[in-house]
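These are my notebook entries on a single structure. I set down each item that I looked up, together with what I found.

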Amino acid sequence: MNIRERIEEQEYKILSSFASKSREAIRDKEEEVCEFRTAFQRDRDRLIHSKAFRRLKHKTQVYISPGDHYRMRMTHSLEVSQISRTIARGLMLNEDLTEAIALGHDVGHTPFGHVGEYALREIIGRYHHNEQSLRVVEHLERNGRGLNLTLEVKDGILNHTGLNKPFTLEGNIVRIGDRIAYLCHDYDDGIRAGMIRTVDLPEKVAKTLGINPSNMITVMVSDMIRASEGRNEIHISAKVKNAMDEFREFMFRKVYHSADLEPDRKKAKYIIQKLYEYFTLHPESLPQEFLERESIWGLEVTIVDYIAGLTDSYAVHLFEELFIPAKWIAR
């Protein structure tokens, strides 16, 4: 029995009967198994080593071009992973599957966060970052070959948001863990940015969840574990869910849709629009690897794939290169 087989055996002995077992994982394309890593561990590793994941370190979470101590899309993904793994471990579910879903859930996010997502949606009529994340891992990574992830991980990535829920409990953990992470950490960044104060929190939120981001996470995580233990569903108590919903409404009103961020949001949207217009008129300017995909996916999808993959800084660089006159220095 090799290391992988020993881990697989341990899953059946240690994990909950409701947990996803890596031995039962399904891939679209069969491949040679690893001697020491399970299927879900390999998926996690492939996501960490992907170009799309590396680019997340330069993609907006909330604040465009923030200081060093603010969250970016990569740090958000790592925090979702930590929170979700804690819940999975507490419920004796598959921590490796949970981690893989959490690390991959945002790899399809645009530059400038949700502003970029909304801008592309306005242009082409439909764009959702969770669908693009699935497209990244299925078709765009590894020069178009995709990562050949397991069905369980891809389902969790696709359904971490939206109307449909994942079919695994691990995926449902990430679905709520994502919300816990962005509410608490965007609240923390909002305080750091001077946009909100702890005293601004609604009374119900402060009483139920507390006012410290770390304590808030602890309250929500422990509530999920208690409410879900021994059940074939992931739950959160009505009291804590109501507080989370009010917390979310507060964050949208005070931070996400704040007038203070509107100037940067407008600029970011304009950059996305102008880049899309330019590459529609000049598709030959796309990188060669994208030109080769046009015959497969069509021009619109190819341009969207390219723009969605850009980091904030490179999108700004491209815009300057294409639309801002060069600075000539007298010699």
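How many salt bridges does a search of the whole structure find? I ran the search on what is a predicted model, and it returned 34 salt bridges.

**Entry: a salt bridge between two helices**

I looked up the pair E122 and K269, whose side chains meet in a salt bridge with an N to O distance of 3.0 Å. E122 belongs to helix α6, residues 113-124, and K269 to helix α13, residues 262-281, so the pair ties together parts that are 147 residues apart in sequence. I then checked how open each partner is. E122 has a relative accessible area of 53% and is therefore exposed. K269, with a relative accessible area of 27%, is partly exposed. I add one general remark: side chains of opposite charge can pair when their charged atoms come close.

**Entry: further salt bridges**

I next took R126, which forms a salt bridge with E131. The closest N and O atoms of R126 and E131 are 2.3 Å apart. I recorded R126 as exposed, because its relative accessible area is 51% and the exposed class begins over 50%. E131 has 29% relative accessibility and so counts as partly exposed.

I also looked up D200, which forms a salt bridge with R197. Here the closest N and O atoms are 3.1 Å apart. The relative accessible area is 25% for D200, which is partly exposed, and 53% for R197, which is exposed.

Which residues do salt bridges that share partners join into one network? I found R27, E31, R42, D43 and R46 joined in this way.

**Entry: the second largest pocket**

I turned to the second largest pocket and noted a volume of about 340 Å³. Its lining is made by 22 residues, and those closest to its centre are R55, F290, D305, Y306 and G309. I sorted the lining residues by character and obtained nine nonpolar, five polar and eight charged.

Which helix gives the most to the lining of the second largest pocket? I found that α16 does, with four residues. The helices that each supply at least two residues of this lining are α3 (51-55), α7, α14 (288-291) and α16 (299-309).

I then asked how covered α16 is. Eight of the 11 residues of α16 are buried, and I recorded the helix as mostly covered. The buried residues of α16 are T302, I303, V304, D305, Y306, I307, A308 and G309. Three names from the pocket centre, D305, Y306 and G309, therefore appear in this buried list as well, since each has under 20% relative accessible area.

**Entry: positive phi values**

I looked for residues other than glycine with a positive phi. M92 has a phi near 60°. I located M92 in the loop between α4 (73-90) and α5 (95-104). Its relative accessibility is 35%, so M92 counts as partly exposed.

N143 has a positive phi near 55°, and it too is a residue other than glycine. I located N143 in the loop between α7 (129-140) and α8 (151-158). Is N143 buried or exposed? At 62% relative accessibility, N143 counts as exposed.

**Entry: a nonpolar surface patch**

Which residues make a nonpolar surface patch of about 280 Å²? I noted I26, L151 and F167. I26 lies in the loop between α1 (3-14) and α2 (39-48). I recorded I26 as partly exposed because its relative accessibility is 45%.

**Entry: sequence separation and distance in space**

I compared separation along the chain with separation in space for two pairs. L169 and V80 are 89 residues apart in sequence, and their C-alpha atoms are 15 Å apart. I placed L169 in helix α9, residues 169-192. L169 has 9% relative accessibility and so counts as buried.

For the second pair, I took G162 and K266, which are 104 residues apart along the chain. The C-alpha atoms of G162 and K266 are separated by 25 Å. G162 lies in the loop between α8 and α9. With 41% relative accessibility, G162 counts as partly exposed.

Note on methods. Residues numbered from 1 in each chain as written. Predicted model: local features only at pLDDT ≥ 70, side-chain atom pairs only at ≥ 80, totals over all residues. Heavy atoms only, no water. Buried < 20%, exposed > 50% of the residue type's maximum accessible area, 1.4 Å probe, protein only. 1 Å grid on protein atoms, 1.4 Å probe; cavity = no way out; pocket = protein on both sides within 12 Å on 5 of 7 lines; lining within 4 Å. Points joined across faces, edges and corners; volume = space filled by probe spheres on them. Nonpolar A, V, L, I, M, F, W, Y, C, P; charged D, E, K, R; others polar. Patch = residues over 30% accessible without salt bridge, like charges linked within 9 Å, V, L, I, M, F, W, Y side chains within 5 Å. Areas by Shrake-Rupley, 256 points an atom, 1.4 Å probe, with all protein chains shown as cover. Salt bridge = Lys/Arg side-chain N within 4 Å of Asp/Glu carboxyl O.
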